[in-house]
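Let's take a stroll through a protein fold together. Have the sequence and the 3D view ready before reading on.

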Amino acid sequence: RRQIERDAETERFDPNLFADRDSALARIGKLPSKRRKKVQHKVDYTADDFARRLSFDPAAQIMDVDFSNFIFHHSGDVNAFYDFIEARIAETGRPWYFLVNYENCRIYEEAWVSYASRGKRLNLASSLGSVRYAPGSETEETIRMRAESQDFRPNIRNTREAALARIAEMKT
């Protein structure tokens with residue numbers, strides 16, 4: 001109150017009082033925003049980049065996702081790839097066993113939250129079971145750590161053959 005009274009006696013005083021609502025709203029519109037601007041990531045890949053990394057084997061009920069030598073830079077890359085995967089699964093109209101190749105895959109910190117969220121949601125909606133293979137030490141360690149904190153078993157194998165054998169076990 002004392003500060004307002006002191007400021008009222010100076011020329012910089014602005015009482016923020018208006019005769020009508022429109023004038024008050026106009027003033028609010030001129031004030032600087034304190035909100036953070038929404039981050040818009042430029043997706044680093046195209047649908048063609050994703051298409052060559054996704055295949056379906058209807059006889060074996062396996063959807064093969066090839067993340068080898070792929071980098072998820074940020075949530076934009078994650079969302080674009082998972083949107084593509086979800087659309088292809090929807091076209092098939094059925095659930096699949098997910099076989100995921102992580103050979104030399106990198107998932108940057110900026111992408112992990114989206115990656116984990118989208119992966120979990122996809123697994124719950126469309127997976128009969130997931131097996132990951134060849135993740136490489138850094139990615140494997142992060143996947144295992146995050147899996148433990150989320151209370152799920154990551155099903156990581158060293159080779160494609162071992163991953164296929166695990167899917168065969170899951171089927172029985």
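Here is a short tour of the sheet and the helices that pack on it.

First, some ground rules: this is a predicted model, where local features need pLDDT of at least 70, side-chain atom pairs count only at pLDDT 80 or more, and totals for chains, interfaces and linings use all residues. Residues are numbered from 1 along each chain as its sequence is written, and side-chain values use heavy atoms, with hydrogens and water left out.

Helices (H or I, at least four residues) and strands (E, at least two) are DSSP runs, numbered from the N terminus. Five strands make an open sheet with mixed pairing, in the order β1-β2-β4-β6-β7. At the edges sit β1 (54-57) and β7 (156-157), each pairing on one side only. Strands pair if DSSP finds at least two bridges between them. These pairs run parallel:

| Strand pair | Bridges |
|---|---|
| β2 and β4 | five bridges |
| β4 and β6 | six bridges |
| β6 and β7 | two bridges |

Let's zoom in on V100 in β4: its bridge partner is V65, and it also stands opposite R132 in β6. R132, in turn, has I156 of β7 as a bridge partner.

Helix α7 (residues 160-171) packs on the sheet and touches β2, β4, β6 and β7 (contact means heavy atoms within 4.5 Å).

So is β4 buried or exposed? Six of its six residues are buried (under 20% relative accessible area, 1.4 Å probe, protein chains only). W96, F98 and V100 point to one side, and Y97, L99 and N101 to the other.

Note on methods: Axes are lines fitted to C-alpha atoms, for helices over the stretch in contact, and angles run from 0 to 180 degrees between N-to-C directions. Buried means under 20% relative accessible area, exposed over 50%, partly exposed in between (1.4 Å probe, protein chains only).
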